[in-house]
Amino acid sequence: MKKISLFIIAAVFAVSITACGGNSAETTAQSGGDSAKALTYKDGEYSGESSVDDYGGKITVKITVKDGKIDEVTVQNLDKEGKEKDENYGKDAGQEGLYNKAQESVKNTKLYPQKLKEAQNIDGVDSISGATKSYASFKEAVNAALKDAQ
C-alpha cells in the first residue's frame, strides 16, 4: 500500500511539474525576451508621440534608422506644460515619497532608448521598475514612429 501511495504522489508531482513548465520558446516570446525578432526598417528619421497620460504628460521619440537597423533613439518625457521632465519634476507634489517616485520614473525612462537599440524591436524591450507607465507611453510613441519605417 505504501508503494502505491508513493507512486501516485510521484506521478502527480511529475505531471504538475510538466504542466507548469510550458514551452520555453513560447514563454520567452510572450515575455518579450531576447528571442523577440529584430525587424528590418527603411532608412530615415522617424518621429512619434504617445497620447497624453493621466497627468497631462506625454512621450515623444525620434528614431534614426541606418542600414535597416535602429541606429539612434532619443526620448523626451514631457510634462503637462510640454517641458522636459527634469530634477524638479514632482517637487510640487509636496511629499518626498511622491517626488522620489517621480524622479525614479524620469531616470528610468531615459534607459529605454538604449534598450530599443539593443533589441531592434519594441517587443524585445521590457518595462523597467519605476517607469512602467512611461514604458506604455514609450512603446506607443515608438510604434507611431516606426509604422512608416516597416
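This briefing looks at a three-stranded sheet and the helix that lies across it. The model is predicted, so local features need pLDDT of at least 70 and side-chain atom pairs count only at pLDDT 80 or more, while totals for chains, interfaces and linings use all residues. Residues are numbered from 1 along each chain as its sequence is written, and side-chain values use heavy atoms, with hydrogens and water left out.

**The sheet**
- Three strands make up an open sheet, ordered β1-β2-β3, with antiparallel pairing; strands are DSSP runs (E, at least two residues) and helices are too (H or I, at least four), numbered from the N terminus.
- At the edges sit β1 (44–49) and β3 (69–78), each pairing on one side only; two strands pair if DSSP finds at least two bridges between them.
- From one strand to the next, the twist averages 15 degrees.
- β1 and β2 (residues 58–66) run antiparallel and are joined by six bridges.
- One of these links can be looked up directly: S47 has K62 in β2 as its bridge partner.

**The helix across it**
- Helix α5 (residues 132–146) lies across β1, β2 and β3, at about 45 degrees to β2; axes are lines fitted to C-alpha atoms, for helices over the stretch in contact, and angles run from 0 to 180 degrees between N-to-C directions.

**A closer look at K139**
- K139 belongs to helix α5.
- With 28% relative accessibility, K139 counts as partly exposed, a class between buried (under 20% relative accessible area) and exposed (over 50%), using a 1.4 Å probe and protein chains only.
- Apart from neighbours within four places in sequence, K139 is in contact with I122 and D123, where contact means heavy atoms within 4.5 Å.
- K139 and V61 are 78 residues apart along the chain, and their C-alpha atoms are separated by 9.7 Å.
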